[in-house]
Amino acid sequence: MLPSQWQFLVRPPSNVKETDMTAPSDLILRSAAASVATHRRIAPLVSKTPIVSSRMSLPKDTGLVYKCENFQFTGSFKLRGASAKLAGVPLDRPVITASSGNHGIACSLAAQKTGHKLTVVLPETVIASKREKIESFGTRVIIAGADSSLAEVHAQQLAQSDGYTYISPYNDAEVIAGQGTIGLELIEQMPKLDTVFIAMGGGGLISGIGAVIKAFSPSTLIVGVSATSTAALAASIEAGEIVETDHLDTLADGVAGGVDAGSLTLPMATEVIDDVVYCDEAQIADALKILAWTENMIVEGAAALALAGYLANPSRYAGLTNAVLLCGANYDQTRVHNAISG
């Protein structure tokens, strides 16, 4: 049962019995409570994305569904966190962020709606279509750094020297709470939910969703899926501290990059993630093909990464109801075409 001081902030959806819940840590409860409040605040700005059942042949009594953030207004879940953060920033404060693409697109749309002046720092490897989308909102773009982590460093330096308010793509309590609203929708939409597969990047998405799931449905397992080419969060969880890893080219470019020193997401992800699955580029490409040709959905590599985590050992999840989070669909057309036709 939840501690009494949280019951008025965090109320379980109608299909979750309060007596079935255990008390998570204060860190998880605070984030879940923030997601409840945020969900009400950003509801006019974001789409409640659908649940779609898989068309794949599955073992008896096994369920597989997709939570389709690829159908979000900006093509990814990032709009939730960006809207949550910008709602609390004074309009006279210029805002800066760093992004591999999706967070920048989300901040750009949110800033257009709120009237904030926004600058986005993109890595040199940014997909051209994502850069074009960001610039289409009138956002100022700076290219700096060979990967997302280096772009973040540059944006943070500019924030300190030039007086910007910096919006982290993941290391921010309000951003995490915004991403956590996906978890609220999931447990309202699914009468039974045994396992959730979520791609691991900087940790904001899996921390936010995981906090909500563990607050309201603690028996649900959270499986973090890490690309072997860029596995900073997974390595940091294993080490118990932030560690640096190599960041190789990956189809799952949306999860590429490192984790900030002192990141909020490391303790949260460590607490909420029950299992970590590593997937290589071939597995991500195979998942992209299945999503395209069996499920009739073309998504970005980071979304396919989550499905690859399930496909790595589907027999382990036989007889369970499993949800795969499709985090986005902002992809490089040439690259995805090559992956799904190869």
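## Surroundings of Thr 38

In this predicted model, Thr 38 touches Ala 84, Ala 177, Gly 178 and Thr 181, leaving aside residues up to four places away in sequence. Thr 38 itself belongs to helix H2. Its relative accessible area is 4%, and because buried means under 20%, Thr 38 counts as buried.

The side chain of Thr 38 also has a polar partner in the backbone: one of its polar atoms lies 2.7 Å from the backbone oxygen of Ala 34.

## Helix H3 and its cover

Ala 84, one of the residues that Thr 38 touches, is also one of the buried residues of helix H3. This helix spans residues 78–86 and is mostly covered, with nine of its nine residues buried. The buried set comprises Lys 78, Leu 79, Arg 80, Gly 81, Ala 82, Ser 83, Ala 84, Lys 85 and Leu 86. Lysine and arginine positions are thus found in this set beside leucine and alanine positions.

Several elements contribute to the cover over these buried residues. Among the helices are H2 (26–42), H4 (102–114) and H7 (173–189). Strands E3 (95–98) and E6 (165–167) are also included. Helix H2, which holds Thr 38, is therefore listed both as the site of that residue and as part of the cover of H3.## Aromatic pairs around Phe 197

The structure contains three aromatic pairs. In one of them, the rings of Phe 197 and Tyr 310 have centres 5.7 Å apart and planes at 85 degrees, so this pair is edge-to-face. The pair connects distant parts of the chain: Phe 197 is in strand E7 (residues 195–199) and Tyr 310 in helix H12 (residues 301–311), 113 residues apart. Phe 197 has 0% relative accessibility and counts as buried; Tyr 310, at 2%, also counts as buried.

Phe 197 pairs with Tyr 317 as well. Here the ring centres are 4.9 Å apart and the planes stand at 85 degrees, so the arrangement is edge-to-face. This pair, too, joins distant parts of the chain, since Phe 197 is in strand E7 while Tyr 317 lies in the loop between H12 and strand E10 (321–326), 120 residues away. Both Phe 197 and Tyr 317 are buried.

## The ring cluster

Which residues do the ring pairs link into a cluster? They are Phe 197, Tyr 310 and Tyr 317. Phe 197 takes part in the pair with Tyr 310 and in the pair with Tyr 317.

How values were computed. Residues numbered from 1 in each chain as written. Predicted model: local features only at pLDDT ≥ 70, side-chain atom pairs only at ≥ 80, totals over all residues. Heavy atoms only, no water. Buried < 20%, exposed > 50% of the residue type's maximum accessible area, 1.4 Å probe, protein only. Helix = DSSP H or I, 4+ residues; strand = E, 2+ residues; numbered from the N terminus. Contact = heavy atoms within 4.5 Å. Phe/Tyr/Trp six-rings, centres within 6.5 Å; stacked < 30°, edge-to-face > 60°. Polar contact = N/O pair within 3.5 Å; in protein donor to acceptor, adjacent residues only side chain to side chain.
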